[in-house]
Amino acid sequence: MIVTLGDQPRVTPQVIARFAEAEGTCRAAYAGQPGHPVRLTAAAARRLRARPPPGGARALLRSHPLIEVGHLCRFGDVDTPAQLEALR
């Protein structure tokens with residue numbers, strides 16, 4: 001399962017493909033900083049649904065690898081109408 005956020009429209013198909021090809025649970029990194037998307041195995045997704053750890057998915061993801069994808073897209077949220085208009 002690949003989880004990405006709707007407020008990050010600059011995530012490219014290349015980033016999604018990188019996570020589709022990945023094995024196991026992992027998380028995107030941008031210049032070494034964790035971000036989205038994340039890839040969860042079926043077992044990890046079941047664990048989160050059944051008994052979320054304190055801190056939620058972030059706590060679970062700390063023990064899994066980061067995949068650097070900053071070279072495949074521009075990182076950043078689009079949170080306001082002005083930011084969306086600038087993106088257009």
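Strand 3 is largely enclosed by the rest of the structure, because 5 of its 7 residues are buried. Buried means under 20% relative accessible area, exposed means over 50%, and partly exposed lies in between, using a 1.4 Å probe and protein chains only. Strands (E, at least two residues) and helices (H or I, at least four) are DSSP runs, numbered from the N terminus.

This is a predicted model, in which local features need pLDDT of at least 70, side-chain atom pairs count only at pLDDT 80 or more, and totals for chains, interfaces and linings use all residues. Residues are numbered from 1 along each chain as its sequence is written, and side-chain values use heavy atoms, with hydrogens and water left out.

**Strands**

Strand 3 covers residues 33–39. Two strands pair if DSSP finds at least two bridges between them. The pairings are listed here.

| Strand pair | Bridges | Direction | A bridge pair |
|---|---|---|---|
| Strand 1 (residues 2–3) and strand 3 | 2 bridges | antiparallel | V3 and V38 |
| Strand 2 and strand 3 | 5 bridges | antiparallel | Y30 and Q33 |

Strand 2 and strand 3 form a hairpin, with 2 residues between them. A31 sits in the loop between these strands. A31 has a positive phi of about 50°, although it is not a glycine. Most residues other than glycine have a negative phi, and most peptide bonds are trans. A31 counts as exposed, at 71% relative accessibility.

Strand 3 also holds P37. The peptide bond from H36 to P37 is cis, with omega near 10°.

**Cores**

Which residues make up the largest nonpolar core? There are 10 in all: V11, V15, F19, A22, C26, A28, Y30, I67, V69 and C73. Helix 1 (13–21) and strand 2 (26–30) each supply at least two of them. Strand 2 gives the most, with 3 residues. Apart from this core lies another, of 6 residues, including L40, A44, L48 and L61. A nonpolar core is a set of buried Ala, Val, Leu, Ile, Met, Phe, Trp, Tyr and Cys residues joined through side-chain atoms within 4.5 Å. In soluble globular proteins, nonpolar side chains tend to be buried together.

**Helix 2**

Helix 2 spans residues 42–50, and its buried residues include A44, A45 and L48. Seen down the helix axis, the buried residues fall within an arc of 100°, so they line one face of helix 2. The arc is that of the directions from the helix axis to the C-beta atoms. These buried residues pack against helix 3 (56–61). On the other side of helix 2, A42, R49 and A50 are exposed.

**Cysteines**

C26 is buried, with a relative accessible area of 1%. Leaving aside its neighbours within four places in sequence, C26 is in contact with F19, V38, R39, L61, H64, P65 and I67. Contact means heavy atoms within 4.5 Å. C73 counts as buried too, at 11% relative accessibility.

How many disulfides are there? The count comes to 0, where a disulfide is a pair of cysteine sulfur atoms within 2.5 Å. Why is C26 not in a bond? Its sulfur is 15 Å from the closest cysteine sulfur, in C73, and that is too far. A disulfide is a covalent bond between the sulfur atoms of two cysteines.
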